[in-house]
Each structure stands twice: as structure tokens, then as C-alpha cells.
Amino acid sequence: MTIPPRRPLTLRDVSEESGVSEMTVSRVLRGKGDVSEATRAKVQAAAKRLGYVPNKIAGSLASSHVNLVAVIIPSLKNMVFPEVLAGVSEILEDTDLQPVVGVTDYLPEKEEKVLFDMLSWRPAGVIIAGLEHSEASRAMLAQANVPVVEIMDVDGQPIDACVGISHQRAGRVMAEAIIAAGYSRIGFLGTKMPLDHRARKRFEGLTRTLAKAGIEIADREFYSGGSALAKGREMTQTLLSRTPDLDFLYYSNDMIGAGGLLYLLEKGIDVPGQIGLAGFNGVELLDGLPRRLATMDACRREIGQAAAKVIMSRMGDGADAMPLLTELQPKIDFGDTLKRG
């Protein structure tokens with residue numbers, strides 16, 4: 001389908017929004033000249049509301065875009081996102097486009113800054129993780145005048161195009177497997193909650209489905225650090241010390257799930273007979289564990305590939321553009337830690 005072009009915002013738009021002359025607006029946004037703090041604040045607030053981003057390209061190229069694709073992700077420490085980048089790079093490899101990465105650390109205010117800086121160089125497209133953004137970030141993305149692809153998630157309202165999986169569905173599918181296997185005392189262990197909106201949605205899908213079967217989450221353990229084996233061991237020990245009769249542990253990602261598995265095996269606990277386990281992401285690095293952790297593949301590389309294809313398809317006249325919504329369907333892998341119902 002053809003995507004109607006957006007009119008690029010100009011200094012005049014900010015001038016009219018703020019009630020300040022274009023010359024003064026220019027001085028404020030360039031950080032030059034003597035401008036009162038009150039006027040500066042008024043101009044900056046107006047620009048933020050509109051989603052206006054200054055153009056750092058030289059005047060002769062002011063209406064053009066550079067051959068860069070801004071890829072904005074929450075973390076490089078999380079093993080999920082390097083695979084997404086690999087998928088993007090594979091598709092763009094034989095084109096003139098180059099991916100440039102910005103990292104937000106799951107912080108909305110940092111996302112605003114990264115997005116502002118990247119858009120000021122007028123990239124040819126934007127690939128950004130998640131559907132939840134601050135009002136300022138949403139305004140900038142809506143006014144970017146380039147293809148914008150939000151990735152990893154389809155549970156929400158995208159600004160432009162969207163490629164990902166339903167995390168609510170992933171939580172629901174896992175809950176159905178847990179119920180079918182006969183587990184009833186469920187514990188949840190999660191990282192980056194609630195800033196990791198996708199983990200939160202899996203948790204919501206899990207709890208809603210369990211509730212329909214008359215099962216409530218018996219206990220939960222959250223923390224705000226990154227994913228790590230040591231943290232998974234620590235969290236598992238804490239949770240079972242507090243609620244020793246749990247018979248299933250659902251982890252927000254495979255890394256802490258692997259740490260939990262190693263802890264339980266070390267303690268001689270029967271997995272999955274006494275306690276079942278599952279994670280999320282399908283991380284291949286963990287294939288060498290004593291037992292294969294039950295998990296779901298987040299379709300990471302495929303998401304990166306599909307997002308890059310959307311950008312490329314929108315570079316022309318839009319006649320061959322890919323669908324604005326691409327939902328991939330991950331499947332559960334029972335591994336050795338979840339009994340089959």
C-alpha cells in the first residue's frame with residue numbers, strides 16, 4: 001500500500017506554536033545567542049510537543065536523507081538484540097544502507113535523547129524496539145518523514161509499521177502448557193520489570209490464562225539488573241526459601257532460567273518432576289546445559305530481517321511496500337524441564 005507523505009516540520013511551525021520569532025527559535029535550537037531562560041523554555045517545550053528535530057545535514061542537502069538506518073534498542077548486554085541487529089545487517093548488506101545503533105537502557109528519557117540525536121542526521125529509516133514510548137518520542141517518530149518500524153511486539157498501536165510477536169499470546173501459550181502438565185503452584189521470576197514492557201505482557205498473558213483455570217501466581221521475584229546466570233540462581237533460592245511448595249517456575253528470560261536450573265540440579269531437586277521450569281527467548285548459547293530449558297523462540301533474527309525489508313520496500317514509491325503489521329508466531333519448546341500434558 002502507498003504511504004501518504006508527511007510534511008516536514010519547519011522553524012515556522014515551532015515559531016507559531018511558541019509565539020516566538022523564527023530567528024529566536026533558530027538561536028534557541030542551535031544553542032546560540034543571548035536568549036532568556038523563559039523564552040528558551042517556551043521554544044523547547046513547543047518543539048517537544050510538535051516532535052520537531054533540527055536538521056544537522058548541510059544546507060545543500062537539507063531536503064535529503066543520509067544512507068543510514070537508525071536502529072534503537074534497549075540493550076546490547078541482552079543476547080536478544082545482537083541477533084536482531086544481525087538480521088537487519090543481513091538484509092541491508094548488499095544495499096547502500098548502513099545500520100547505526102543507539103542504546104536506551106530501557107529508559108524513556110534516554111530513548112528521547114537517542115532518537116533526537118539520530119533523527120537530526122535525517123536517516124533513511126528508523127527501526128525501534130517496542131511500542132511504548134514517551135509522548136515526545138512518539139511525536140518525533142510521527143513527524144520523522146521516513147519509514148518507522150517498531151519491532152519485537154505487536155500488542156499495541158504502532159506509529160507506522162510494526163514487526164514482532166504477541167507477548168501476551170506467548171504468556172498464554174506457556175500458561176496452557178503449564179496447566180496441561182498438571183502444575184498448580186506457580187512462581188514468576190522477572191528482570192527489568194516494569195520497564196521491560198514485553199516481559200510484563202508475557203506475565204499478563206500468563207496470569208490471565210492461569211486465572212481462568214482457577215490458578216493464581218503463588219509468588220514472584222523481580223529485580224532491575226541485567227540477565228545473568230548468577231542472578232537466576234540467587235532469585236530462585238530466594239523464591240523457594242520464601243515459598244518452598246512451588247512446583248513450577250516461569251522466568252522472564254532464558255538466562256535467569258538457566259541459573260535457576262543449575263541451582264535446582266545442584267540441590268538434587270527433580271526437574272521437571274518436582275519442579276518444572278521455563279524461560280523465554282530460545283537462546284542457543286544454553287544448548288550445552290545438563291538439561292534443555294523449556295522456552296519459546298522470540299524470532300529475533302527474523303524480526304530484524306523483516307524490519308529491514310520494510311524499510312527497503314518503503315524507499316521507493318511504496319507500491320511494493322510490505323504489510324504495516326507483520327506478526328511472527330513463535331512455538332513452545334518443551335525441552336527437558338516441562339512435562340508434556
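This section describes the overall architecture, the nonpolar cores, the N-terminal helices and the salt bridges of the protein chain.

The structure is a predicted model. The protein chain has 341 residues, of which 52% count as buried. Eleven helices and twelve strands were assigned in the chain. The C-alpha trace extends over about 70 × 45 × 35 Å along its principal axes. When contacts between residues at least 6 apart in sequence are considered, 70% join residues at least 24 apart. The accessible surface of the chain amounts to about 15500 Å², and carbon and sulfur atoms contribute 51% of this area. The chain carries 40 positive and 43 negative charges, and the mean positions of the two sets are 3 Å apart.

In soluble globular proteins, nonpolar side chains tend to be buried together. In the present model, the largest nonpolar core contains 53 residues. Ile127, Val149, Ile151 and Leu338 have the most contacts inside this core. Helix 4, formed by residues 80–92, supplies seven residues, the largest share of the core. Apart from this core lies another, comprising 22 residues, including Leu189, Met235, Tyr251 and Leu286. The surroundings of valine 149, a member of the 53-residue core, were examined further. With residues up to four places away in sequence left out, valine 149 touches Val126, Ile127 and Ile128, as well as Ala161, Cys162 and Val163. Contacts of valine 149 are also found with Ala307, Val310 and Ile311.

The N-terminal helices were considered next. In helix 1, the buried residues include Asp13, Val14, Ser15 and Ser18. The buried residues of this helix pack against helix 2 and helix 3. Just after helix 1 comes glycine 19, with a positive phi of about 75°. Helix 2 spans residues 22–30, and Thr24, Val25, Ser26 and Val28 are buried within it. The cover over the buried residues of helix 2 includes helix 1 (11–18) and helix 3 (37–50). Helix 2 is likewise followed by a glycine, residue 31, whose phi is positive, near 70°.

Valine 35 is located in the loop between helix 2 and helix 3. This residue counts as buried because its relative accessibility is 11%, the cut-off for burial being under 20%. Neighbours within four places in sequence aside, valine 35 is in contact with Thr24, Arg27, Val28 and Arg40. The C-alpha atoms of valine 35 and valine 25 are separated by 9.6 Å, the two residues being ten apart along the chain.

A search of the whole structure identified 18 salt bridges. One of the pairs is formed by lysine 113 and aspartate 117, whose side chains meet with an N to O distance of 3.0 Å. Both residues belong to helix 5 (residues 108–119), and they are separated by about one helical turn because they are four residues apart. Lysine 113 is exposed, with a relative accessible area of 55%. Aspartate 117, at 29% relative accessibility, counts as partly exposed.

A further salt bridge joins lysine 201 to aspartate 153, with the closest N and O atoms 2.4 Å apart. Lysine 201 lies in helix 8 (residues 197–212) and aspartate 153 in strand 4 (residues 148–153), so this pair ties together parts that are 48 residues apart in sequence. Both lysine 201 and aspartate 153 are buried.

Arginine 314 and aspartate 160 also form a salt bridge, in which the closest N and O atoms are 2.9 Å apart. This pair links distant parts of the chain, the two residues being 154 residues apart. Arginine 314 is in the loop between helix 11 (300–313) and strand 11 (325–327), while aspartate 160 is in the loop between strand 4 and strand 5 (161–165). Arginine 314 and aspartate 160 are both buried. In addition, Glu83, Asp297 and Arg300 are linked in a network of salt bridges.

Notes:
Residues are numbered from 1 along each chain as its sequence is written. This is a predicted model: local features need pLDDT of at least 70, side-chain atom pairs count only at pLDDT 80 or more; totals for chains, interfaces and linings use all residues. Side-chain values use heavy atoms; hydrogens and water are left out. A nonpolar core is a set of buried Ala, Val, Leu, Ile, Met, Phe, Trp, Tyr and Cys residues joined through side-chain atoms within 4.5 Å. Buried means under 20% relative accessible area, exposed over 50%, partly exposed in between (1.4 Å probe, protein chains only). Contact means heavy atoms within 4.5 Å. Accessible areas come from the Shrake-Rupley method with a 1.4 Å probe; for residues, only the protein chains shown count as cover. Lys and Arg count as positive and Asp and Glu as negative; His and the chain ends are not counted. The place of a charge is taken as NZ of Lys, CZ of Arg, CG of Asp or CD of Glu. A salt bridge is a side-chain nitrogen of Lys or Arg within 4 Å of a carboxyl oxygen of Asp or Glu.
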